[in-house]
Amino acid sequence: MGHQQLRRICRLSLPLLLLSTSHSAQAQAVAPQMPVTPAASGEEDIVVRGMNRKERDKAIAGYVDALTEMNPADPIALYEPGIYCPAAFGLSDTRNEEVVARMWRAAEIAGVRPAARPCIASAFVFFVDDIAAFLDLLKAQQPIFFGDLLDKEPRADGGPVLAWQLKRDFDPQHMPLAARRFGPRVVASPVGGSRILSMITRAVAASVVIIERKALLRQSATQIADYAMMRTVVDGDLRTTVANSQSILRVLDAPASSRPPTSLTRWDLAYLKGRYKGDLRVYGLRRAAAIRSALKRELDQSEPADQSAP
């Protein structure tokens, strides 16, 4: 299924899902109001200080690995230019629009090259009371969100956030390829592959982020939107090493006594710009190496590391 067909079906049928959800005593998944503090007036970058170069390089590697699903034989999954279009559900209409506008702007700044607004949604953010209940409802009413998954089927794990992407592989003529089952796939092209570029591209048709409202306590609209935008465009296992005070991705689980980032940080922006820079066919491991290098250059320019030994 192509990008346009998926997003057209979602646009036509999601209002029915939300209507039934709001009246479902069992799910109680989408409510009209949720207190969110006003957006911060300025943007603040939170960077860990005092790390020497070795420590910082290790932190960069862990950060990139946590955010990036990579395979030496495939490119990483990216939104193609003009496809990324956020949509938010579960808050008031005003709050939903604030989150969407900020997500779109943040994606533009980060080099994701979103679609011109108004556009057909391809990055869905749901604010709900119960992830497991909402996931069951989504599977029952919108199975399209779970079809032809290249990754494992999403399952509620008790955490306050669940996110996944619908990805599709395309051949050099941009024709969709069947999902890999067993053995190698045959890709025909007048131009062969190389050690740098794959013969396929891996595109994100849509992404889904489900956030439980109980996790939204002190965050501003900007923090919530930037967090949601990051979750729609990254695909790593964030349960492993997302304890980076350098990233907006810790804003939902930051201790009450801490000062989490108020917006996307230098780490986040450098990562996203590195992820979306250059040819979409670059192999995953090479792309990850390029992202690490871009992040190191950015930090060297803004916050030089301590050169002393540990």
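The following paragraphs describe the fold, the nonpolar cores, the helix packing and some local features of a predicted model.

The protein chain contains seven helices and four strands, which follow one another along the sequence in the pattern α-α-β-α-β-α-β-β-α-α-α. Of the 310 residues in the protein chain, 51% are buried. Among the contacts in the protein chain with a separation of 6 or more, 76% are accounted for by residues 24 or more positions apart.

In soluble globular proteins, nonpolar side chains tend to be buried together. In the present model, the largest nonpolar core comprises 53 residues, and within this core the most contacts are made by Y79, Y84, I211, M229, M230 and V233. At least two residues of this core are supplied by each of helix 2 (53-67), helix 3 (93-109), strand 2 (123-128), strand 4 (201-212), helix 5 (221-233), helix 6 (266-275) and helix 7 (284-302). Helix 5 provides the largest share, with seven residues. When residues up to four places away in sequence are not counted, M229 touches Y84, M103, A106, A107, L264 and L272. Another core, of 19 residues, lies apart from the largest one, and V128, I131, L138 and I144 are among its members.

A charged residue of helix 5 was also examined, namely D226, which is found in that helix. The relative accessibility of D226 is 0%, and the residue therefore counts as buried. Beyond residues up to four places away in sequence, D226 touches R102, A106, I248, S263 and L264. A106 and L264 are thus named among the residues touched by D226 and also among those touched by M229.

Helix 6 is mostly covered, with seven of its ten residues buried. The buried residues of helix 6 are W267, D268, A270, Y271, L272, G274 and R275, and what covers them includes helix 2, helix 5 and helix 7. With respect to helix 7, the axis of helix 6 comes within 8 Å and the two axes cross at roughly 140 degrees. Helix 6 and helix 7 are therefore oblique to each other, and helix 6 passes helix 7 in a right-handed crossing. On the side of helix 6, the residues that meet helix 7 are R266, W267, A270, Y271, G274 and R275, whereas helix 7 contributes R287, I291, A294, L295, E298, L299 and S302.

Helix 7 also packs with helix 2, at an angle of about 135 degrees and with the axes 10 Å apart. Helix 2 and helix 7 are therefore oblique to each other, and their crossing is right-handed. In this pairing, R53, R56, D57, I60, A61, Y63, V64 and D65 of helix 2 meet A288, I291, R292, L295, K296, L299 and D300 of helix 7. I291, L295 and L299 of helix 7 thus appear both in the pairing with helix 6 and in the pairing with helix 2.

The count of disulfides comes to one. This disulfide is formed by C85 and C119, whose sulfur atoms are 2.0 Å apart. The torsion about the S-S bond of C85 and C119 is about 85 degrees, so the disulfide is right-handed. Because C85 lies in the loop between helix 2 and strand 1 (86-89) and C119 in the loop between helix 3 and strand 2, the pair ties together parts that are 34 residues apart in sequence. C85, at 4% relative accessibility, counts as buried, whereas C119, at 25% relative accessibility, counts as partly exposed.

The loop between helix 3 and strand 2, in which C119 lies, holds further local features. P118 lies in this loop and is joined to R117 by a cis peptide bond, with omega about 0 degrees. R113 is likewise found in the loop between helix 3 and strand 2, and the phi of R113 is near 60 degrees, a positive value in a residue other than glycine. At 39% relative accessibility, R113 counts as partly exposed.

Methods: Residues numbered from 1 in each chain as written. Predicted model: local features only at pLDDT ≥ 70, side-chain atom pairs only at ≥ 80, totals over all residues. Heavy atoms only, no water. Core = buried A, V, L, I, M, F, W, Y, C linked by side-chain atoms within 4.5 Å. Buried < 20%, exposed > 50% of the residue type's maximum accessible area, 1.4 Å probe, protein only. Contact = heavy atoms within 4.5 Å. Disulfide = S-S within 2.5 Å. Axes fitted to C-alpha atoms, helices over the stretch in contact; angles between N-to-C directions. Parallel < 35°, antiparallel > 145°, perpendicular 65-115°, else oblique. Left-handed = near helix turned anticlockwise from the far one by under 90°.
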